[in-house]
Amino acid sequence: MTAPFHPLVFDSTLCQGRRSCMRACPTQAVRVRAGHAELLDDRCIDCGECIRVCERHAIRPVTHSLDELKGFDRTIAIPSVALYTQFDALPGAVLAALRQCGFSSVAPVSPACDETKEAIEFFVSENGDRWPFISSDCPTVVRLVQARYPTLIDKLLPLLPPRELTARRAKAREAAETGIAPERIGAVYITPCPSKMVSIVDHPGMRRSHLDVAVSIADLYPQLAGALKHHGRETPPPAGAETAGGLRWSWAGGHQSWLSAEQSLSVAGLGNVIRILDDIEEGRLRNYAFVHAVACVEGCVGGVLAVEDPYVARARAIRLTGFLEDASLDPAAVRKRYREGEYHADSRTLPNPSRPLDDDMDRAIVKMNERDRLLAILPGIDCGACGAPTCAAFADDVVSSTATPLDCVFLHWDALDARERRAMTITQVLPLLEGKLMAGKGRAGEPVRGGYASDLLSDVMANAREGDLWVTLQRHANIVAVAAVREIAGIVLVGGREPEKAALERAEEEGVPIVVTPLPAFEVIGRLHAAGLAGRRD
Amino acid sequence: MAEAFERTWRVMGLDFTSAGRASTGIKDALKRMGVAPSVVRRVATASYEAEMNVVMHARRGDITLRVSPEVVVVEASDEGPGIPDVELAMQVGYSTATPEMREMGFGAGMGMHNMKQNADHLHIDTVVGKGTRVRITVGQVRSPR
């Protein structure tokens, strides 16, 4: 999996670790560690549910600011059809208001929506042996398929989303009319959600998006509302602008009127989308030609960056379809353009699967078994106190060494068998002791099984056991010899004492990890014991 | 020999609300272990058909998944009516689904066929009046890297 861009930022200065984002995340991509929420990059698919639920506003959506427009000679605003549902005004008035926000021109997406609908019908009827196809206009759904359903990648509709088609056409037209080079013309999407940023920064299926900038509806809202107040709300849309068919893309199920009822299916909300994708992956729903899937429960009108209540917005959208004309399309012309490849995506969408428990399959099987054993002794109530959303996610974290069993408040040390106790390693001890590893890096991943504290070498020789962590203030080379003979897992030097040079050299040679901690011995032992290391083994 | 993974799901007859859970669980487990996507899909399809046969025809059954780095085996064993004529049951279009099941979209007579299509090896043990054990084997498990 390549390092992904995510259009959201977790602000740890605002986060209080309340875990609402962790519980809301449909792909279990949030953990709370050391009191703050963190994002697991390879699991996040940019749906933005976490942004919605955070009471502290500690998760910020990332979109472009209007300053980005300065980088272009001319700018074309391409509003999401969801924009029109945000105001009690006609689309023509919203378009006029948009022009006053500093864009050189405005390109409505409805014509592309109407033609794409036809193109989808051509495509699915030509490929009847590969049903059902899955819509690809919601970037979060595309990401979900790439990450969790790589086997369904060829079912993603290989056609351009209407916003991309609109951008490509508008730029070409603007360039032809003004003589300005296309790369000096910026196509700006007015977006209801941050996930569209992903399709601009890193569009799967296209080498480069035809859009250059995404500005949030919420950011533009005050300016647009002001302009509407000033210039009125009743301006009818200019010819060739928004249509009833275009507006139908704005709410979940609006597409339902497409194709015949038996052939298309509309699903919204990631939990529901996941269920339907499971069905498709298990070989069902083959009698449907097309599954339109969107991440937000209410569709784009309910995007994270929309301002209006999604149900009010949807009611407006439905009312607007009554005001607006239906498209007057020439199917023959669309079919001709379809044949010429006008609607097809420029390149294929590739899978980007979430990582398995281990890249090596033998080890992944071992970890899967460990996971199941651990899961069997976890309480199964998904309380979230450990910082993982479910007991199952926590078990994943433990076998992947990003959590230790004792992070579970219910799991008593005694309940763990030797295998699970071995989950703690020197590497995990370091942050606990605020320590640094001075030597023996190669063995820092090996298990620590218990602890022993003493500053008398012969006492250690007599009583320390294999796999113990040895806490001491001695810093000379002989401690390494003792540790090596007793097969000790590592030495912890307390009170900030650094090992002598000879000790360091010897430790590197013998592969004995040495940790230096600023903490005094009493504190060190207390913390290790609280984290689950015992001084006694039965 | 390398370690193998094994997990069993209990499936109850006529429990259509939970039907499919075992297959979804199997798929999830296979993905976690890094099994090749094409294998995941074939196993999921075959195990879903096996699971639905248990739900539709048997009192109850167990679906067991076994994974090694060489092979995936799904075994569905049930306490059910058994299959009187396996050869007939394998024929496309042959179905014993009730009208109620047909109303839910089952009974195309493709179930056994789908199992056979997606498995490298399909083994059926059945005793009329006692039950059926279906073993689906798919090889070439490792993801090409």
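**Exercise 1. Contacts along chain A**

Among contacts in chain A between residues at least 6 apart in sequence, what percentage join residues at least 24 apart?

*Solution.* Keep in mind that we're working with a predicted model.
- Step 1: take the contacts in chain A whose partners sit at least 6 apart in sequence; 72% of these link residues at least 24 apart.
- Step 2: put that beside the element count, which for chain A is 20 helices and 16 strands.
- Step 3: add the overall dimensions. The C-alpha trace of chain A spans about 95 × 50 × 40 Å along its principal axes.

**Exercise 2. Surface and charge**

Work out how chain A splits between inside and outside, and where its charges centre.

*Solution.*
- Step 1: chain A has 538 residues, and 54% of them count as buried.
- Step 2: its accessible surface comes to about 22,800 Å², with 51% belonging to carbon and sulfur atoms.
- Step 3: tally the charged side chains of chain A and you get 61 positive and 70 negative. The centres of those two sets lie 1 Å apart.

**Exercise 3. The largest cavity**

Find the largest cavity and say which elements of chain A line it.

*Solution.*
- Step 1: list the cavities of 30 Å³ or more; the structure holds seven.
- Step 2: pick the largest, with about 280 Å³ of space.
- Step 3: look at its lining, 27 residues in total, where D137(A), R163(A), Y189(A), K196(A) and C300(A) are the closest to the centre.
- Step 4: map the lining onto secondary structure. Helix 6 (162-178), helix 7 (195-201) and strand 11 (290-294) of chain A each supply at least two residues.

**Exercise 4. A covered helix**

Is helix 5 of chain A mostly covered or mostly uncovered, and what does its buried part pack against?

*Solution.*
- Step 1: helix 5 of chain A runs over residues 139-148, and nine of its ten residues are buried, so call it mostly covered by the under-20% cut-off.
- Step 2: name some of the buried ones; among them are P139(A), R143(A), L144(A) and Q146(A).
- Step 3: check the partners. The buried residues pack against strand 7 (133-134), helix 6, helix 7, helix 10 (270-281) and strand 11 of chain A.

**Exercise 5. Backbone oddities**

Track down a cis peptide bond and two residues with positive phi in chain A.

*Solution.*
- Step 1: recall the background: most residues other than glycine have a negative phi, and most peptide bonds are trans.
- Step 2: W131(A) and P132(A) are joined by a cis peptide bond, with omega about -10°. P132(A) is found in the loop between helix 4 (110-126) and strand 7 of chain A.
- Step 3: Q28(A) has phi near 55°, and its loop lies between helix 1 (20-24) and strand 2 (30-33) of chain A.
- Step 4: L285(A) has phi near 60°, and its loop connects helix 10 and strand 11 of chain A.
- Step 5: compare their cover. Q28(A), with a relative accessible area of 25%, is partly exposed, whereas L285(A), at 17%, counts as buried.

**Exercise 6. A valine in chain B**

Describe the surroundings of V39(B).

*Solution.*
- Step 1: V39(B) belongs to helix 2 (residues 37-57) of chain B.
- Step 2: its relative accessible area is 2%, so V39(B) is buried.
- Step 3: skip neighbours within four places in sequence, and the contacts of V39(B) are V72(B), V138(B), G139(B), Q140(B) and V141(B).
- Step 4: for a separation, take A119(B), 80 residues away along the chain; its C-alpha and that of V39(B) are separated by 9.4 Å.

Terms used:
Residues numbered from 1 in each chain as written. Chains lettered and ligands numbered in written order. Heavy atoms only, no water. Helix = DSSP H or I, 4+ residues; strand = E, 2+ residues; numbered from the N terminus. Buried < 20%, exposed > 50% of the residue type's maximum accessible area, 1.4 Å probe, protein only. Contact = heavy atoms within 4.5 Å. Areas by Shrake-Rupley, 256 points an atom, 1.4 Å probe, with all protein chains shown as cover. Lys, Arg positive; Asp, Glu negative; His and termini not counted. Charge placed at Lys NZ, Arg CZ, Asp CG, Glu CD. 1 Å grid on protein atoms, 1.4 Å probe; cavity = no way out; pocket = protein on both sides within 12 Å on 5 of 7 lines; lining within 4 Å. Points joined across faces, edges and corners; volume = space filled by probe spheres on them.
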